[in-house]
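Q: Please take a close look at one part of this model, the place where the two protein chains meet, and then follow the protein surface out to the DNA.

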There are 2 protein chains.
Amino acid sequence: MNIGEASSASGVSAKMIRYYEEIGLIRPMGRSGNNYRVYGEEEVHILRFIKRARNLGFSLEETETLLKLWQDKSRESAAVKEVATAHIGDLERRIAEMQGMLKTLKHLAHCCGGDNRPNCPILDDLAGDGTPVPAARKKMRQTA
Amino acid sequence: MNIGEASSASGVSAKMIRYYEEIGLIRPMGRSGNNYRVYGEEEVHILRFIKRARNLGFSLEETETLLKLWQDKSRESAAVKEVATAHIGDLERRIAEMQGMLKTLKHLAHCCGGDNRPNCPILDDLAGDGTPVPAARKKMRQTA
DNA sequence: TGTGGAGCTTCCCATCATGGGAAGGTCAAG
DNA sequence: CTTGACCTTCCCATGATGGGAAGCTCCACA
């Protein structure tokens, strides 16, 4: 199997497959006489593993750790869970951060006329013009 | 005011201030005799605007647009709202994506013993071993 | 007056994961 | 034999930020 085939079989672009090899995430592939990389089912399986890990948001470094654990038949599942748990915490932190932005933005957008007049609470907020926008007298118990 | 002072007054690092100047986000600053950049209240205000926009997750490109709108006294607030709304959509998409990952990961982590045995549903899932993990017989009506 | 340290300047490099594209070799079908 | 689809390596770009070196300036203190 050439790289193109391995690519479509795994969902990882040829570019990325070469890159993963370069950074040592996957072993350098054997080459056929024409210097083309040669892949087998085994390698495609590994690539799919990587793809799936990336889809779940794991960094390449975390993916490498998981890959090693996967291939280590005497691993302790605790080690795997630890990586996953750390990533979960990371995602939660990032989601919370974005939700904070979202909340503020939605409020600002809600307060903005969005018409042909220049007056705009969004810009006022960005400019730090005193009050962080009049108020939100809804049932939001937000203070920050 | 030198760059260090402008930096602490605005919360934007000196490094970034120079960078913003380089990419044309802010006008090149005047220099004093010693070739040091000189800042005034006006500039600090602009830097704070940028800082705030960045804190709300706007890209530098979006920030530039907002900055121009801010300085354009004859803007239409609709233009500002449009930028904000697009960004809101963006955040919502990204949050949804991460929440998808989170859901899957939490489920997998929940199913993983996290002990000293090698058996691990997290790795099984990444490896794509058939069933995407036994099941979740909870009240989740998730199918994807 | 000299000196040390803090602060400024520019310039280059690294990050993280990915894509684009050029220049050139290879292979298979027509 | 040509054409086009592959493959190879190599370099560059992204976005926003930080690190650090080499060399300048400035101020305060002895």
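What rotation and what shift along its axis superpose chain A on chain B?

A: This is a predicted model, in which local features need pLDDT of at least 70 and side-chain atom pairs count only at pLDDT 80 or more, whereas totals for chains, interfaces and linings use all residues. Residues are numbered from 1 along each chain as its sequence is written, chains are lettered from A and ligands numbered from 1 in the order in which they are written, and side-chain values use heavy atoms, with hydrogens and water left out.

Chain A is superposed on chain B by a rotation of 180° with 0.0 Å of shift along the axis, at an RMSD of 0.1 Å (a least-squares fit on the C-alpha atoms of residues with pLDDT of at least 70 in both copies). That is the relation of a two-fold axis. Both copies use the same surface, since 100% of the contact residues of chain A recur in chain B, contact meaning heavy atoms within 4.5 Å. Among the residues of chain A, Ile95(A) comes closest to the rotation axis, with its C-alpha at 3.0 Å.

In the interface itself, 50 residues of chain A are in contact with 50 residues of chain B. The area buried between the two chains is about 4400 Å², and carbon and sulfur atoms give 72% of it; buried area here is the accessible area (1.4 Å probe) that two parts lose on being put together, summed over both. Met98(A), Leu123(A) and Leu126(A) supply 16% of the area that chain A buries against chain B, more than any other three residues.

The polar side of the interface can be described in the same way. The rule finds four salt bridges between chain A and chain B, each a side-chain nitrogen of Lys or Arg within 4 Å of a carboxyl oxygen of Asp or Glu. Lys106(A) forms a salt bridge with Glu92(B), where the closest N and O atoms are 2.9 Å apart. Between the chains, 20 residue pairs, both residues at pLDDT 80 or more, are in polar contact (a pair of N or O atoms within 3.5 Å; within protein, one must be able to donate a hydrogen and the other to accept it, and residues adjacent in sequence count only if both atoms are side-chain atoms).

On the side of chain A that touches chain B, helix H3 (41–55), helix H4 (60–71), helix H5 (77–111) and helix H6 (121–126) of chain A each supply at least two residues, helices (H or I, at least four residues) being DSSP runs numbered from the N terminus. H5(A) gives the most to this side, with 20 residues. By class, this side of chain A has 26 nonpolar, 11 polar and 13 charged residues, where Ala, Val, Leu, Ile, Met, Phe, Trp, Tyr, Cys and Pro count as nonpolar, Asp, Glu, Lys and Arg as charged, and the others, Gly among them, as polar.

Next comes the DNA. DNA strand C is surrounded by 19 residues, the closest being Lys15(A), Tyr20(A), Gly4(B), Tyr36(B) and Arg37(B), and a residue is near a strand if one of its heavy atoms lies within 4 Å of it. Of the atoms of DNA strand C that come within 4 Å of the protein, sugar and phosphate account for 67%. Bases are reached as well: an N or O atom in the side chain of Lys15(A) is 2.2 Å from a base oxygen of DNA strand C, and a polar side-chain atom of Tyr36(A) lies 3.0 Å from a base nitrogen of that strand. The side chain of Arg18(B), by contrast, has an N or O atom 2.9 Å from a phosphate oxygen of DNA strand C. H2(A) gives the most to the surface near DNA strand C, with four residues.

Around DNA strand D there are also 19 residues, of which Gly4(A), Arg18(A), Arg37(A), Lys15(B) and Tyr20(B) come nearest. Phosphate oxygens of DNA strand D are 2.8 Å from an N or O atom in the side chain of Arg18(A), 2.8 Å from one in the side chain of Arg37(A) and 3.2 Å from one in the side chain of Asn34(B). H2(B) gives the most to the surface near DNA strand D, with four residues, and this surface divides into seven nonpolar, six polar and six charged residues.
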